[in-house]
Amino acid sequence: MTSNDRPLTCSLAFGTRLAAIFANIALAGALSAMSVLSASAQGALEKATLRLDFLPGGYHAPFFLALDRGYYKQQGIDLEIFDGKGSNATIQVVASGTDTFGVANLSAMAIAISKGVPLIGVGAVVQKSPDSLISLAGSGIKKPKDVEGRRGAFVPTGAGDRMFPAFAKANNIDVDKITRINVSAESRYSVVLQNNADFMVGWSFTDALKIAKQKPISPPVLFSDYGVTMLGVGVFVTKDVAANRSKLVKAFLAATAKGAEDTIQDPAAAVAAVAKLRPDSDTELLLEGVKNLAKFIRTPNSASMPLLAMAKADWEETTKNLVTYLDLPPSMKSDAFYTNEFLPSP
């Protein structure tokens, strides 16, 4: 090869590389166009919002994990999750149409329905009620009748506190032997922690864990282990959304059920998904809550049913207790409060 050959060879090589670059650009453009066409063919994502009942806890993790793993987008939903300020506040904003989906205490939802609020429960993430007696270690409260002769801190408006008479009746507790101390929801932890009360009523995997972070506790005594059946927390929508956006409701529940299954299988990933959107979360507390979720997401009556599906027997017993203890009108029937029709088949 002569010195005169080299420029020609280099030019040919450069030309080949340049052609390859243009070919790659053309291919990338074609793939991009195909992607846009595919997205267009699928249609735009439908916007929806989910309002929680409180700040995120372990039982909210399925929603965050489903969002983090793209399950809602796969179902065609652009979902945004907002924190709540209690079940009743969430019921109000969903009923007003401000939010699409709500998470709330199913008892509170049922009472709202009995008052004419057009809502319907479509799935439950906490079915076995976590209501329990919570006391410090060394209190001696290990079974129901151990509360006799003790001081109890009660929140008069608390749903769990108002179910204590059902627990007492089921276990032959003489309530006249209990010193009742009425407290606010905000002060109940400190009353127990400061030994100004021997026990309080609260959730075994939220309230009990918060107290346990400050002082050792006795194992919570669950109402549901001693004769009281009450459904816990579920997802609800307005009847208008159920009737006119049924495809959205089905898609949301399919994604959520998948998120719930993944949460049970991988608690650490679920906690990470919550912490990604709520960086101020107490991840240690969240992890304990998530680990407990599997024990409460179903009841014996719903054990063979799809995740989030509610058993008629549980709703009938819950309704009976609501009539007896929470002023639900006796004319209300359990079928008015829930449906499983939007849930995916097993």
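Student: Which residues of α5 meet which residues of α14?

Tutor: In this predicted model, where local features need pLDDT of at least 70, side-chain atom pairs count only at pLDDT 80 or more, and totals for chains, interfaces and linings use all residues, Leu106, Ser107, Met109 and Ala110 in α5 meet Trp315, Thr318 and Leu322 in α14, a contact being heavy atoms within 4.5 Å. Residues are numbered from 1 along each chain as its sequence is written, and side-chain values use heavy atoms, with hydrogens and water left out.

Student: How do the residues of that contact divide into nonpolar, polar and charged?

Tutor: There are 5 nonpolar, 2 polar and no charged residues, where Ala, Val, Leu, Ile, Met, Phe, Trp, Tyr, Cys and Pro count as nonpolar, Asp, Glu, Lys and Arg as charged, and the others, Gly among them, as polar.

Student: What describes two packed helices?

Tutor: The general description uses the angle between their axes and the distance between the axes. Here the axes of α5 (residues 106-114) and α14 (residues 312-325) come within 11 Å and cross at roughly 70°, which makes α5 roughly perpendicular to α14 (65 to 115 degrees). Helices are DSSP runs of H or I with at least four residues, numbered from the N terminus, and axes are lines fitted to C-alpha atoms over the stretch in contact, with angles running from 0 to 180 degrees between N-to-C directions.

Student: How many residues of α2 are buried?

Tutor: Buried means under 20% relative accessible area with a 1.4 Å probe, protein chains only, and in α2 (residues 61-68) 6 of the 8 residues are buried, among them Phe63, Phe64 and Leu65. Just after α2, Gly70 takes a positive phi of about 80°.

Definitions and conventions. Helices (H or I, at least four residues) and strands (E, at least two) are DSSP runs, numbered from the N terminus. Angles under 35 degrees count as roughly parallel, over 145 as roughly antiparallel, 65 to 115 as roughly perpendicular and the rest as oblique. Buried means under 20% relative accessible area, exposed over 50%, partly exposed in between (1.4 Å probe, protein chains only).
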